[in-house]
Amino acid sequence: MPCAYSNGSNHSSCADHIFEKVSPEMEKLGYECKCLGGGKIDHNSKDKKIRVFGLSTGYGKADHSVTVEILKKVYTDYEITWSDDKK
């Protein structure tokens, strides 16, 4: 469950408790929720680049390659990369 932020914006605590807030609502709809990790997404719309990286201190690192494949379906004209870098 990566946290997205735009290039140059403050991303201090945007993902602190997303899963805890979303999970109960999803379960009401009949979905079983499990967080498989986290990270950050740097979205630079000017250069059409997206970078997936980092990890969640609470959930560990998500499989960033999966996140990239999902993003590629929507952002077809972007350069999308991932790394294990923390920053």
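A charge is taken to sit over a ring if NZ of Lys or CZ of Arg is within 6 Å of the ring centre and within 35 degrees of the ring normal. In the predicted model described here, this arrangement is found for Arg51, whose charged end sits over the ring of Phe53 at 3.7 Å from the ring centre.

The protein chain contains 2 helices and 4 strands. Their order along the sequence is β-α-β-β-α-β. Of the 87 residues in the chain, 29% are buried. Contacts between residues at least 6 apart in sequence were also examined, and 54% of them join residues at least 24 apart. The chain exposes about 6200 Å², and carbon and sulfur atoms supply 52% of this area.

The search for aromatic pairs covered the whole structure and returned 2 of them. One is formed by Phe19 and Tyr59, which meet edge-to-face with 5.8 Å from centre to centre and 75° between the planes. This pair links distant parts of the chain, as its members are 40 residues apart. Phe19 belongs to helix α1, which spans residues 18-28, whereas Tyr59 lies in the loop between β3 (49-53) and α2 (64-74). Phe19 is buried, its relative accessible area being 17%, while Tyr59 is partly exposed at 33% relative accessibility. Tyr75 and Tyr78 also form an edge-to-face pair, with centres 4.9 Å apart and an angle of 65° between the planes. Within this pair, Tyr75 is partly exposed with a relative accessible area of 26%, and Tyr78 is buried with a relative accessible area of 17%.

Helix α2 has a buried side and a side turned away from it. The buried residues of the helix are His64, Thr67, Val68 and Leu71. Viewed down the axis of α2, these residues fall within an arc of 100°, and they therefore line one face of the helix. In general, an α-helix has 3.6 residues a turn, so residues three or four places apart point the same way. The face of α2 turned away from the buried side carries Ile70 and Lys73, which are exposed.

No disulfide is present, the count for the structure being 0. Cys33 takes part in none, and the nearest cysteine sulfur, which belongs to Cys35, is 9.9 Å away. A disulfide is a covalent bond between the sulfur atoms of two cysteines. The cut-off applied to such a pair of sulfur atoms is 2.5 Å. For Cys35, the closest cysteine sulfur is that of Cys33, and the two atoms are not bonded because 9.9 Å is too far for a bond. The two residues fall into separate burial classes: Cys33 counts as partly exposed at 23% relative accessibility, and Cys35 counts as buried at 17%.

The backbone of Lys48 was also noted. Its phi angle is near 55°, a positive value in a residue other than glycine. Lys48 is located in the loop between β2, residues 39-44, and β3. With a relative accessibility of 36%, Lys48 counts as partly exposed.

Note on methods:
Residues are numbered from 1 along each chain as its sequence is written. This is a predicted model: local features need pLDDT of at least 70, side-chain atom pairs count only at pLDDT 80 or more; totals for chains, interfaces and linings use all residues. Side-chain values use heavy atoms; hydrogens and water are left out. Buried means under 20% relative accessible area, exposed over 50%, partly exposed in between (1.4 Å probe, protein chains only). Contact means heavy atoms within 4.5 Å. Accessible areas come from the Shrake-Rupley method with a 1.4 Å probe; for residues, only the protein chains shown count as cover. Rings of Phe, Tyr and Trp (its six-membered ring) pair if their centres lie within 6.5 Å; planes under 30 degrees apart count as stacked, over 60 as edge-to-face and the rest as tilted. The arc is that of the directions from the helix axis to the C-beta atoms.
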